[in-house]
Amino acid sequence: MSITLEEEIFGLAVNPFTKSPEMVRRYTLKNSKGMTVSVIQLGAIIQSVCLPDAYKKVDDVCLGFDDIASYLANKGAYIGGTLGRVANRVANGEYTFNDMKVSVTKNIQDKFQLHGGFIGFDSVIWEVVQKSAEGVIFRHVSPHGHEGYPGKLTCLITYQLDNENRLWVRYEATTDRSTMVNLSSHAYFNLAGHGSGAKGLSEHTVEIASDQIVDTDELQIPTGKLVDVNDTVFDLRLPVLMRDRLMQFENRQIKGYDNCFVVNGGRVQKSVAKVAKIVHPPSCRVLEVWTDQPGMQFYTANNLTSIVGKNCTKYEKHGSFCVETEKFPDAMNHPEFPSISLEPNEKYRHDVLYWFKVEESWKCCCNNDP
């Protein structure tokens, strides 16, 4: 059986540019293993990821909402949204390029920009340029000067599902003048089920192939240094249990993980490589993250406070995680970081693969069949 695609109306949303209401559609890809992935035009959001566990129980493992109004009301949590033009933080909402100072909007306490500004890519309605079993391709043209960024930026996001339970996401962008681009996804996952909360997350083990994290100040703005993870809570090179690790943050200012881990040796790769593996042993569900990017922001939903999600489920602090593949935060202000500049003759590309598996370790000892 091949991949199937279903299209339906999700709701009405006001286009932030035209101020007119527009129909937002949902596209659901389904494979032969019973896995489905739903994406919507608003924010090119990943709205749902459903898959069976080792006991054939199907759960939605991606946080989200059943209606547009909830996405708008909880915009500050960026649930499932596309992050752009520049994911993460821009210090003081400014940068210098070719001796020109560029000022971008400061949407956080008038101190810095986060995730693209007041109307980031999570808030725009993306047009659909392809919808088939081969995948869904969304397109957005960000006008010159939007949120302070120079250049008309044309972006494509491709979502593809295969029969190996792999969700492929490709980001592409071109510009008509020098600008900055660093796209990512703010999908929140919980392999025990989207509504299983802090108990569900505490049962996960996390492994990230990273020797260093991007050092930040109290506003989580990078200092420019990369610090070794040796002998710290950030050493996740071997699988660790979230319950144990999150307890170690109790005396820290930031109560949980919200850090950019340096992966792939801190360099953009020619093809995707495995950078993280998250396991929920009770259900045997696994998520591997493969990317060509040099960084991955690992976030344990430290700032979520009882949001009502899909099926009237409460989403809470430490009840989910994000694995945001990206270049480093505030890279335009740190020449030593991998560059996020984009020229008119170049093409930005960013690949990430979310590989969902069921690894039935308990069957090894009880099942001797060949």
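Across the whole structure there are 19 salt bridges, and since this is a predicted model, the tour below describes computed contacts that you can find by selecting a few residues at a time.

Begin by selecting R170 and D351, whose side chains meet in a salt bridge with N to O at 2.8 Å. R170 belongs to strand β14 (residues 166-175) and D351 to strand β30 (residues 348-358), so this pair ties together parts that are 181 residues apart in sequence. If you then show the surface, R170 is partly exposed, at a relative accessible area of 29%, while D351, at 10%, counts as buried.

Next, select E203 together with K199, where another salt bridge joins the two side chains at 2.6 Å, again taken from N to O. Here E203 counts as buried, with 16% relative accessibility, whereas K199 counts as exposed, with 60%.

Move on to R237 and D235, which form a salt bridge whose closest N and O atoms are 2.9 Å apart; R237 is partly exposed, its relative accessible area being 30%.

After these pairs, select E7, R25 and K131 as a group, for these residues are linked in a network of salt bridges.

The last stop turns from charged side chains to a nonpolar part of the surface. Select I9, L12 and M23, which make a nonpolar surface patch of about 300 Å². Within this patch, L12 can be found in strand β1, which covers residues 4-14, and L12 counts as exposed because its relative accessible area of 55% is over the 50% cut-off.

Conventions. Residues are numbered from 1 along each chain as its sequence is written. This is a predicted model: local features need pLDDT of at least 70, side-chain atom pairs count only at pLDDT 80 or more; totals for chains, interfaces and linings use all residues. Side-chain values use heavy atoms; hydrogens and water are left out. Patches are made of residues with over 30% relative accessible area and no salt bridge: like charges are joined within 9 Å, nonpolar side chains (Val, Leu, Ile, Met, Phe, Trp, Tyr) within 5 Å. Accessible areas come from the Shrake-Rupley method with a 1.4 Å probe; for residues, only the protein chains shown count as cover. A salt bridge is a side-chain nitrogen of Lys or Arg within 4 Å of a carboxyl oxygen of Asp or Glu. Helices (H or I, at least four residues) and strands (E, at least two) are DSSP runs, numbered from the N terminus. Buried means under 20% relative accessible area, exposed over 50%, partly exposed in between (1.4 Å probe, protein chains only).
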